Amino acid sequence: MIIAIDGPAGAGKSTVAKILAKKLGFLYIDTGAMYRALTLKVLERNIPINDEPRIIQLSQGVKIDLRDNLDGPLTVILDGEDVSLAIRKARITRFVSDVAKIKQVRQVLVKMQRKFGQKRNCVLDGRDIGTVVFPRAQKKFFIDASAGVRVKRRFQELIGLGQKVTENEVAKDLTNRDKIDSTRQASPLRQAPEAIYIDTTDLSIEQVVEKMFNLCKLSRT
Ligand code: CDP
């Protein structure tokens, strides 16, 4: 069974996806972490962010692994190295949408995501899971929240990670990424017609997970 979760930046997708996967005993796949890992590699190699041919070539040789530790955060392995923390840095966040908008890059990563999903029951979160990666997913969700709440949540999360950011910087980043992610040519952020829309603005994490869990249980029986 595949559960697809899409939505804009900072809506809380990965938090609820991880808890939901654990409750269901499914594997959790953070597809955004894969785009972030590739972006890290692009920046490490000093490849200019507009050099699409080199970025495409790099994506074709990259190895990204995700290890779902049941209690801790997801471990992201890039070419054998643990990059879980490095991919959350502001520099990566700033450029990730420019890497993710490249069609041929998406083709490579989508292939990897489908491979993960073929092996086991999975919960995947991203921007194009229900529309492109797994259009036949048994359950699809679109998780949203007001812009103000999304900024607050992401700000708190980054402060928790020890990063020095201001709410203003976070707001700018979310606006910029949402714009690129939803206006790009290749698989833009869209709600799949059959996805269940959840506005989490006034809901706690537990309430969102509970709602999703009950809906998933219903479709398993
Ligand atoms: O910051 P947030 O957790 O909302 O984003 P993320 O899930 O870590 O994804 C980072 C970026 O990767 C997004 O802003 C998109 O540009 C890109 N992405 C994508 O294009 N398609 C996906 N399936 C997942 C992420």
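Colleague: Is Y197 buried, partly exposed or exposed?

Modeller: The model is a predicted one, and burial is read from the relative accessible area, where buried means under 20% and exposed over 50%. Y197 has a relative accessibility of 43%, so it counts as partly exposed.

Colleague: With which residue does Y197 form an aromatic pair?

Modeller: A pair of aromatic rings is described by the distance of the centres and the angle of the planes. Here the search of the whole structure finds one aromatic pair. F142 and Y197 form this pair, with 6.1 Å from centre to centre and 15° between the planes, and the arrangement is stacked.

Colleague: Which parts of the chain does the pair tie together?

Modeller: F142 belongs to strand β7 (residues 139-144) and Y197 to strand β8 (residues 196-199), so the pair joins parts that are 55 residues apart in sequence. F142 is buried, at 9% relative accessible area, whereas Y197 is partly exposed.

Colleague: I should now like to consider the ligand. Which residues come nearest to it?

Modeller: The ligand has 19 residues around it, and those that come nearest are R36, R106, R154, D181 and R184. By character, the shell consists of ten charged, five polar and four nonpolar residues.

Colleague: Which helices each supply at least two residues of that shell?

Modeller: They are α2 (31-44), α4 (90-100) and α8 (167-183). Helix α2 gives the most, with four residues.

Colleague: Which polar side chains should I inspect around the ligand, and at what distances?

Modeller: A polar contact is judged by the distance between N or O atoms, with a cut-off of 3.5 Å. For S97, a side-chain N or O atom is 2.9 Å from an oxygen atom of the ligand. R177 likewise has a side-chain N or O atom 2.9 Å from a ligand oxygen. In D128, a polar side-chain atom lies 2.8 Å from a nitrogen atom of the ligand. The protein buries 98% of the 530 Å² that the ligand exposes when taken alone.

Colleague: Why is α4 described as largely enclosed by the rest of the structure?

Modeller: An α-helix has 3.6 residues a turn, so residues three or four places apart point the same way. In α4, eight of the eleven residues are buried, so the helix is largely enclosed by the rest of the structure. The buried residues are I92, T93, F95, V96, S97, D98, V99 and A100. Their cover includes α2, α3 (52-61), α5 (103-119) and α8.

Colleague: In helix α8, what is D178 in contact with, apart from its neighbours within four places in sequence?

Modeller: D178 is in contact with P8, A9 and R150. Its side chain reaches the backbone nitrogen of A9 at 3.3 Å. D178 is buried, with 14% relative accessible area.

Colleague: Finally, which residues other than glycine have a positive phi, and where do they lie?

Modeller: Most residues other than glycine have a negative phi. D79 has a positive phi of about 45°, and it is placed in the loop between β4 (75-78) and β5 (81-82). S187 also has a positive phi, near 35°, and lies in the loop between α8 and β8.

Colleague: Are these two residues buried or partly exposed?

Modeller: D79 is partly exposed, at 35% relative accessibility. S187 is buried, with a relative accessible area of 19%.

How values were computed: Residues are numbered from 1 along each chain as its sequence is written. This is a predicted model: local features need pLDDT of at least 70, side-chain atom pairs count only at pLDDT 80 or more; totals for chains, interfaces and linings use all residues. Side-chain values use heavy atoms; hydrogens and water are left out. A residue is near a molecule or strand if one of its heavy atoms lies within 4 Å of it. A polar contact is a pair of N or O atoms within 3.5 Å; within protein, one must be able to donate a hydrogen and the other to accept it, and residues adjacent in sequence count only if both atoms are side-chain atoms. Accessible areas come from the Shrake-Rupley method with a 1.4 Å probe; for residues, only the protein chains shown count as cover. Ala, Val, Leu, Ile, Met, Phe, Trp, Tyr, Cys and Pro count as nonpolar, Asp, Glu, Lys and Arg as charged, and the others, Gly among them, as polar. Buried means under 20% relative accessible area, exposed over 50%, partly exposed in between (1.4 Å probe, protein chains only). Contact means heavy atoms within 4.5 Å. Rings of Phe, Tyr and Trp (its six-membered ring) pair if their centres lie within 6.5 Å; planes under 30 degrees apart count as stacked, over 60 as edge-to-face and the rest as tilted.
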